[in-house]
Amino acid sequence: MSHDLYLAAKAAMAKAYAPYSKFPVGAALRTEDGRVFSGANIEVASYPEGWCAETTALGHYIMGGGGKIVEIAVIAERMAKCSPCGGCRQRLAEFTRPDTKLYLCDETGVAETVTMGEMLPYGFRGDILK
């Protein structure tokens, strides 16, 4: 992973709106052509109505034209190696392949590298609906 993907996730985390949980998270993803899309978690008073950093990044990715996602970085201020929640794993799986790299980061950089297939081995895939 290029260090810039980590830095994009970290910069996004700094923009998180997490006044209730005090748990800022940042995510960044890179497409095959090198574009980087990042996002932060955004909370609202009605807790389940907020959204995660990965979801925000995916929104930017879709609005930016999409493409093949080749790597993803996630960082949380208060937890090393924070992994995407179950819902975000499923959302990410919609746009990635099982071999897409997922970097779980800490304050110094990448702490662990896994694949989307390892994170969600039995994910629901849209291709079965065709």
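Lys81 is partly exposed, with a relative accessible area of 39% (buried means under 20%, exposed over 50% and partly exposed in between, using a 1.4 Å probe on protein chains only). That's our way in, but first a word on what you're looking at. This is a predicted model, in which local features need pLDDT of at least 70 and side-chain atom pairs count only at pLDDT 80 or more, while totals for chains, interfaces and linings use all residues. Residues are numbered from 1 along each chain as its sequence is written, and side-chain values use heavy atoms, with hydrogens and water left out.

**Charged pairs**

Lys81 has a partner: it forms a salt bridge with Glu112 (a side-chain nitrogen of Lys or Arg within 4 Å of a carboxyl oxygen of Asp or Glu). This pair ties together distant parts of the chain, with Lys81 in the loop between β3 and α3 and Glu112 in strand β5 (residues 109-115), 31 residues apart. Helices (H or I, at least four residues) and strands (E, at least two) are DSSP runs, numbered from the N terminus. Glu112 counts as partly exposed because its relative accessibility is 32%.

The structure holds 6 salt bridges, and here are some of them:

| Pair | N to O distance |
|---|---|
| Asp4 and Arg30 | 2.8 Å |
| Lys81 and Glu112 | 3.1 Å |
| Asp99 and Arg97 | 3.6 Å |

Asp4 and Arg30 also bridge distant parts of the chain: Asp4 sits in helix α1 (residues 3-13) and Arg30 in strand β1, 26 residues apart. Asp4 is partly exposed at 37% relative accessible area, whereas Arg30 is buried at 11%. They have company, too, since a network of salt bridges links Asp4, Arg30 and Glu71. As for the Asp99 and Arg97 pair, Asp99 is partly exposed at 47% relative accessibility, and Arg97 is partly exposed at 48%.

**The nonpolar inside**

Now for the oily part. In soluble globular proteins, nonpolar side chains tend to be buried together. The largest nonpolar core here has 20 residues, and Leu29, Ile72 and Leu102 have the most contacts inside it (a core is a set of buried Ala, Val, Leu, Ile, Met, Phe, Trp, Tyr and Cys residues joined through side-chain atoms within 4.5 Å). Two or more residues come from each of β1 (25-31), α2, β3 (69-76), α3 (86-95), β4 (101-106) and α4 (116-119). Apart from this core lies another one, of 10 residues, including Ala9, Met13, Ala28 and Tyr103.

Setting aside neighbours within four places in sequence, Ile72 is in contact (heavy atoms within 4.5 Å) with residues including Leu5, Leu29, Leu92, Leu102 and Met116.

Helix α2 deserves a look of its own. Its Ala53, Glu54, Thr56, Ala57, Leu58 and Tyr61 are buried, and the buried residues of α2 pack against β1, β2, β3 and α3. After α2 comes Gly65, with a positive phi near 105°.

**The annotated sites**

UniProt, in an unreviewed entry, places a "binding site" feature at Asn41, Ile42, Glu43, Val44, Ala45, Ser46 and Tyr47. Such positions use the numbering here, feature names are shortened, and annotations may be inferred rather than shown by experiment. From this set, Asn41, Ile42, Glu43 and Tyr47 belong to the lining of the largest pocket. On a 1 Å grid over the protein atoms alone, a pocket is an open set of points where a 1.4 Å probe fits, with protein on both sides within 12 Å along at least five of seven lines; lining residues have an atom within 4 Å of a point.

Asn41 lies in the loop between β2 (36-40) and α2 (53-63), and Ser46 is found in the loop between β2 and α2 too. Is Asn41 buried or exposed? Asn41 counts as buried, at 9% relative accessibility, while Ser46 is partly exposed at 43%. The side chain of Asn41 reaches the backbone oxygen of Phe23 at 3.0 Å.

The same UniProt record, also as an unreviewed entry, gives a "binding site" at Cys52, Cys85 and Cys88. These cysteines spread over 37 residues of sequence yet cluster in space, with a largest C-alpha distance of 8.5 Å. Cys52 and Cys85 are part of the lining of the largest pocket. Cys85 is in the loop between β3 and α3 and is partly exposed at 36% relative accessibility. Cys88, in helix α3, is buried at 0%. Not counting residues up to four places away in sequence, Cys88 touches Cys52, Glu54 and Thr55.

Notes. Polar contact = N/O pair within 3.5 Å; in protein donor to acceptor, adjacent residues only side chain to side chain.
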